[in-house]
Amino acid sequence: MQTIDTSTSIFKKPPFTLALAEELLTSYNSPLYVYQSDILQRTIARITNAIPYPQTQFCFASVTNGNIALLQIFQACGWGLHANTPGDIYLGIKAGFAPNKIVYSGSNLHQNEMEQVLRWGVTTLNLDSLSQLRLCCEVYQSLRESQQILTPPRLGLRLNLPELTGDSRIGVRSTEFLAAISIAKAAGLKLSGLHFYRGTGTNSTAAFTQVIDTIIAVAQQLPDWEYLDFGGGFGYPYRGGTAFDWELFGAELTDRINRLDRVINLIIEPGRSAVAGCATLLAKVVSTKWQEGKQIVGVDTTVANLSVPSVHGGYREIYSWNCEDLLHLTDVCGNTTYSRDYLGKNCQLPALAMGEILAILDVGAYGYAMSSHFLHRPRPAEVLLENNQHRLIRRREDYRILLANQVFE
Ligand SMILES: Cc1ncc(COP(=O)(O)O)c(C=O)c1O
């Protein structure tokens, strides 16, 4: 069992009132994912303004959150989309992103999927192995011969540099570049991009700024290099405290790129850092008991609705609007007997009563997106607060979802 340690957290406040939380649960029921458009738009603006380099395209990593209403906010702000999978592309197109604003940087497609990605018109693809590159080139050639696509894709490589990327399975070593260049050339294509992913949820800005020179030096080994794709992995301050410094990163990256003897395009793929802070999961207390001075609170949501804290050891602050001063060591438990069904362990919360509302903060990234039907609880609804109004952006599931696609007599 992963211990969810809250000891270093500073207590955060939820971004809306108890009265609004009550209104939302009365309208949409509990548990409920609540997204705030103003917070999301402020974060998007802050990240966008932090990188002054003019040829920059931000691409939201929708692996973190695939809700179309949110994707549309990114799209309206001029961002593109980073697609990890064909499903990300499908959602991106449905949200209104032009295919040439979608950057595929994923792994291990089979032939039909590669065909689908190119047919959708995605023009920038960062491949993570020579065999995926070869497959992409073969598929492109056959689609071009049958005149099913006319524009050649812009190809890049995801970099695997053990001294920076550790023992990551993903990416191509720089020693493979020559082979990669000739695979692309044989198909009449160029390798014009380098993609670098620093590592998941890194709050240290220096971890990014210190590698810029190395990445640029490696990229220059590609004779046709014309774009750098840097991201994601930018951290989010779930516990408060030091946050990733976008302005510092943007200034240093811009400075280094401006010193190059060529003009390149820059792609930045923020995921959690862009979307984490705009969402709250509301849940109600359905059980309370005490064990050796510890408060054991049962809520009407589960680790299957929000898997990060318990399954992946992440931290999400749990807030109560109850103003009592006396705080107690509290475990917040999900509504199943699964041994890892904790939303929070060793939290500091007031004595709670049945029916009280709890707010689990900063759940915009890898929240709903990682929810599942494990434990056979239908998923919550999602609502968006926008212009002082709320609207449903995903319906609550009911038990029928558990039968979907099952074949039985
Ligand atoms: C290529 C790429 N870019 C961006 C992201 C988003 O990562 P994060 O949420 O850590 O910013 C991912 C996550 O899997 C990724 O694989």
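**Two helices and a ligand shell**

Mean pLDDT (the predictor's confidence in each residue, from 0 to 100) is 94 for this protein, and 98% of its residues reach 70 or more. Residues 1–9 fall below 50, though this stretch still has 22 contacts in the model beyond near neighbours in sequence; a contact means C-beta atoms, placed from the backbone, within 7 Å. Where pLDDT is low, the predicted coordinates should not be read in detail. The model is predicted, so local features need pLDDT of at least 70 and side-chain atom pairs 80 or more, while totals for chains, interfaces and linings use all residues. Numbering starts from 1 along each chain as its sequence is written.

Let's start with α2, one of the helices (DSSP runs of H or I, at least four residues, numbered from the N terminus). Its buried residues (20 or more other C-beta atoms within 10 Å of their own) are Leu 40, Thr 43, Ile 44 and Ile 47. Down the axis of α2 these fall within an arc of 100°, taken from the directions from the axis to the C-beta atoms, so they line one face. On the other side, Ala 45 and Asn 49 are exposed, the cut-off being 12 or fewer such atoms. The buried residues of α2 pack against several elements, including α11.

Over on α11 (residues 246–258), Trp 246, Phe 249, Leu 253 and Ile 257 are buried. They cover an arc of only 65°, which puts them on the same side of α11. Their packing partners include α2 and β9 (265–268).

Finally, 19 residues surround the ligand, with Ala 61 and Glu 269 among the closest; the test is a C-beta atom within 6 Å.

Terms used
Helices (H or I, at least four residues) and strands (E, at least two) are DSSP runs, numbered from the N terminus. The expected span of a helix is 1.5 Å times one less than its number of residues. Two residues are in contact if their C-beta atoms, placed from the backbone, lie within 7 Å.
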